[in-house]
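User: I would like to go through this model and ask, for each term used, what justifies it. Please set the values against the cut-offs where the reasoning needs them.

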Amino acid sequence: MTETDGRKTIPIARPWIGEEEIEAVSRVLRSGWITQGPEVAKLEQEFALAIGADHACAVSNCTTALHLALLALEVGPGDEVITVSHSFIATANTVRMCGATPIFVDVEPATFNIDPERFEEALTDRTKAILCVHQMGMPCDLGAILRFSRRHSLGVIEDAACAIGSEVQVEERWERIGKPHGDLACFSFHPRKVVTAGEGGMITSSSGKLDDEIRLLRHQGMSISDAVRHESASVLVESYPVLGYNYRLTDIQAAVARVQLGRLPEIVEQRRRLGALYAAGLDRVPEVRAPHEADWARSNWQSYCVRLAGDLKQERVMQFLLDRGISTRRGIMCAHREDPYRSPPPRHTLTESERAQDRCILLPLYQEMSEGEIERVVDALAEAVGHSR
Ligand SMILES: Cc1ncc(COP(=O)(O)O)c(C=O)c1O
């Protein structure tokens with residue numbers, strides 16, 4: 001960590017890696033099996049159990065997870081997928097990777113999540129699926145999304161890249177995101193996420209058929225896995241009935257993710273504690289609005305995103321904080337403002353998405369952040385809003 005005025009710089013995020021992860025990696029390196037194998041299989045079982053899913057299939061990252069999830073729902077050329085522009089660009093890219101078209105709809109300003117009120121205007125006879133994002137770990141309105149998708153026979157994929165450990169209330173019960181409530185949910189183990197393996201992804205589903213298809217596609221369409229051939233007493237010859245990909249997770253990554261997953265309750269508890277401290281601190285800064293959590297949603301606070309009052313200059317606030325050794329990021333990007341998505345222009349207005357990108361900033365939040373550091377961010381932010389008009 002660098003220092004500003006003798007004080008440590010507060011980074012935007014910091015992975016929480018300990019000796020246990022290092023030992024797990026050493027164990028795998030010594031085992032003689034380092035790519036997709038027994039550790040991946042154990043991670044899949046443990047992940048399914050932790051989330052409450054019937055099936056979990058590990059892949060190389062969440063981008064490849066989303067690609068396979070869309071392919072499993074047979075999304076292809078000529079199809080349209082209703083989704084948000086206001087997300088990391090991977091969300092939209094994966095729709096394009098299938099040869100389909102993402103149809104962007106606007107987000108709800110309070111939650112930054114897809115606005116189900118916009119579905120009707122986006123629906124055409126080409127609509128095949130809805131790809132919703134639990135943005136920054138905040139659950140989206142799955143009740144409204146599923147009511148619409150069932151009425152119109154659409155598939156639902158949940159981009160849960162940021163949402164490991166987030167929960168939604170379903171008929172009095174709290175259930176983890178990724179059960180899944182739609183057809184498939186996709187997670188990321190990138191270091192900015194709550195559980196990390198450096199890189200990595202997971203797809204959960206309730207359907208054995210979808211799970212089988214994804215397993216085939218992640219490993220070049222190969223009919224017999226390496227592990228099964230390895231353990232077989234007789235010679236097994238594989239075939240390649242479908243076009244597949246190399247989207248495998250390694251056992252080295254899986255070993256790290258297993259340790260991290262074991263700490264999920266502790267991780268989420270701490271992030272919620274830090275989120276509550278921010279909310280309490282920001283109460284005294286009326287120019288900055290804290291994020292909104294609906295009664296039926298519990299975020300894991302993967303990111304803490306605040307909205308600035310209209311006359312504040314986002315970049316000036318961010319620079320003011322950086323000068324005081326506090327790292328921030330602008331609000332989540334909008335894909336339709338990037339070259340690959342400029343033409344043709346989006347069919348629907350994306351006013352709230354653009355406003356969220358331009359008016360919001362993400363504040364630092366990581367496991368080992370102290371109460372004093374939260375106070376330092378809130379104090380600096382309070383000062384910044386006085387200087388950034
Ligand atoms: C909402 C969302 N979807 C997808 C991804 C892609 O995840 P990965 O980096 O694991 O491919 C990210 C990563 O930041 C994300 O935030």
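User: What is the bridge partner of arginine 329 in strand 16?

Analyst: The model is a predicted one, and in it arginine 329 has leucine 362 of strand 16 as its bridge partner.

User: What makes strand 15 and strand 16 a pair?

Analyst: Two strands count as paired if DSSP finds at least two bridges between them. Strand 15 and strand 16 (residues 360–363) are joined in the antiparallel sense over 2 bridges, so the criterion of at least two is met.

User: Why is strand 15 called an edge strand?

Analyst: The open sheet has 4 strands in the order 12-14-16-15, with antiparallel pairing. Within that sheet, strand 15 (329–330) pairs on one side only, as does strand 12 (288–289), and these two are the edge strands.

User: How do you know that strand 8 and strand 9 are paired, and in which sense?

Analyst: Between strand 8 (residues 167–170) and strand 9 there are 4 bridges in the antiparallel sense, and because the definition asks for at least two, the two strands qualify as a pair. At the residue level, valine 168 has glutamate 175 in strand 9 as its bridge partner.

User: Which strands are the edges of the sheet that holds strand 9?

Analyst: That open sheet is made of 3 strands, ordered 9-8-13 and paired antiparallel. Its edges are strand 9 (173–176) and strand 13 (297–298), each of which pairs on one side only.

User: Why is the approach of serine 188 to the ligand called a polar contact?

Analyst: A polar contact requires a pair of N or O atoms within 3.5 Å. A polar side-chain atom of serine 188 lies 2.7 Å from an oxygen atom of the ligand, so the distance satisfies that cut-off. With the ligand taken alone, 390 Å² is exposed, and the protein buries 89% of that.

User: What are the corresponding distances for aspartate 159 and cysteine 62?

Analyst: For aspartate 159, an N or O atom in the side chain is 2.7 Å from a nitrogen atom of the ligand. For cysteine 62, a backbone N or O atom lies 2.9 Å from an oxygen atom of the ligand. Both values fall within 3.5 Å, so these too are polar contacts.

User: What makes up the shell around the ligand?

Analyst: The ligand is surrounded by 13 residues, with Lys193 and Thr63 among the closest. By class the shell has 6 nonpolar, 5 polar and 2 charged residues. Helix 3 (62–72) and helix 4 (90–97) each contribute at least two residues to it, and the space taken by the ligand is the largest pocket.

User: How do you know that the bond from lysine 179 to proline 180 is cis or trans?

Analyst: Omega for this peptide bond is near -10°, and the bond is cis; proline 180 belongs to the loop between strand 9 and strand 10 (184–188). A cis peptide bond also joins serine 343 and proline 344, with omega about -5°, and proline 344 is in the loop between strand 15 and helix 12 (351–359). Most peptide bonds are trans.

User: What is notable about phi of phenylalanine 112?

Analyst: Phi is near 65° at phenylalanine 112, a positive value in a residue other than glycine. Most residues other than glycine have a negative phi. Phenylalanine 112 is located in the loop between strand 5 (101–105) and helix 5 (119–122).

Definitions and conventions. Residues numbered from 1 in each chain as written. Predicted model: local features only at pLDDT ≥ 70, side-chain atom pairs only at ≥ 80, totals over all residues. Heavy atoms only, no water. Near = heavy atom within 4 Å. Polar contact = N/O pair within 3.5 Å; in protein donor to acceptor, adjacent residues only side chain to side chain. Areas by Shrake-Rupley, 256 points an atom, 1.4 Å probe, with all protein chains shown as cover. 1 Å grid on protein atoms, 1.4 Å probe; cavity = no way out; pocket = protein on both sides within 12 Å on 5 of 7 lines; lining within 4 Å. Sits in = over half its atoms within 2 Å of the grid points. Nonpolar A, V, L, I, M, F, W, Y, C, P; charged D, E, K, R; others polar.
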